[in-house]
Amino acid sequence: MKATLTSKGQITLPVKLRRQLSLKSGDVLEFDETTPYLKAHKPFNEDQMDQILGRGKSRTEGRTSSEWIDHLRGPLELP
């Protein structure tokens, strides 16, 4: 999947990708500056995760919500 960078430094994400990631107008993406490639993701809402965990909160073993999700997903495999 490709996107072209404009002279103003903007790109348009293809519809297929926006739908796959459930992105809509006004959504904010965060970029990881520590990687040698472009990596963007929707910011993670800690408060929403705390509400969802409810009684299972004791099973998070003292991890933040982001750390818990990384633990559940496993290591990131790059192409």
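In the predicted model, Thr 35 is found in the loop that runs between β1 (30–31) and β2 (40–41). With a relative accessible area of 18%, Thr 35 is classed as buried, because the limit for that class is set at under 20%. From this position the side chain of Thr 35 makes two polar approaches to the backbone of the chain: the backbone oxygen of Asp 32 is reached at 3.2 Å, and the backbone oxygen of Tyr 37 is reached at 2.7 Å.

The loop belongs to a chain that contains 3 helices and 2 strands, which follow one another along the sequence in the pattern α-β-β-α-α. Of the 79 residues in the chain, 11% are counted as buried, and Thr 35 is one of the residues with that status. The accessible surface of the chain amounts to about 7400 Å², with 52% of this area belonging to carbon and sulfur atoms. When contacts between residues at least 6 apart in sequence are considered, 8% of them join residues at least 24 apart.

The loop between α1 (15–20) and β1 includes Ser 22, a residue that counts as exposed at 53% relative accessibility. The backbone of Ser 22 adopts a positive phi of about 55 degrees, although Ser 22 is not a glycine. This may be set against the general tendency, in which most residues other than glycine have a negative phi. Once residues up to four places away in sequence are set aside, Ser 22 touches Asp 27 and Lys 42. The second of these partners, Lys 42, lies 20 residues from Ser 22 along the chain, and the C-alpha atoms of the two residues are separated by 9.8 Å.

Asp 27, which is touched by Ser 22, also takes part in a salt bridge with Lys 24, in which the closest N and O atoms are 3.3 Å apart. The count of salt bridges comes to 1. The two partners fall into separate accessibility classes, since Asp 27 is partly exposed at 28% relative accessibility, whereas Lys 24 is exposed at 59%.

In α3 (65–73), the residues Ser 65, Trp 68 and Ile 69 are buried. Viewed down the axis of α3, the buried residues of this helix fall within an arc of 100 degrees, so they line one face of the helix. The general geometry of helices offers a basis for reading such an arrangement, because an α-helix has 3.6 residues a turn and residues three or four places apart therefore point the same way. Just after α3, Gly 74 takes a positive phi of about 90 degrees.

The segment that comes after α3 also holds Leu 78, which is exposed with a relative accessible area of 52%. Together with Tyr 37 and Leu 76, Leu 78 makes a nonpolar surface patch of about 310 Å². Tyr 37 thus appears in two of the features described here, as a member of this nonpolar patch and as the residue whose backbone oxygen is reached by the side chain of Thr 35 at 2.7 Å.

Conventions
Residues are numbered from 1 along each chain as its sequence is written. This is a predicted model: local features need pLDDT of at least 70, side-chain atom pairs count only at pLDDT 80 or more; totals for chains, interfaces and linings use all residues. Side-chain values use heavy atoms; hydrogens and water are left out. A salt bridge is a side-chain nitrogen of Lys or Arg within 4 Å of a carboxyl oxygen of Asp or Glu. Buried means under 20% relative accessible area, exposed over 50%, partly exposed in between (1.4 Å probe, protein chains only). Patches are made of residues with over 30% relative accessible area and no salt bridge: like charges are joined within 9 Å, nonpolar side chains (Val, Leu, Ile, Met, Phe, Trp, Tyr) within 5 Å. Accessible areas come from the Shrake-Rupley method with a 1.4 Å probe; for residues, only the protein chains shown count as cover. Helices (H or I, at least four residues) and strands (E, at least two) are DSSP runs, numbered from the N terminus. The arc is that of the directions from the helix axis to the C-beta atoms. A polar contact is a pair of N or O atoms within 3.5 Å; within protein, one must be able to donate a hydrogen and the other to accept it, and residues adjacent in sequence count only if both atoms are side-chain atoms. Contact means heavy atoms within 4.5 Å.
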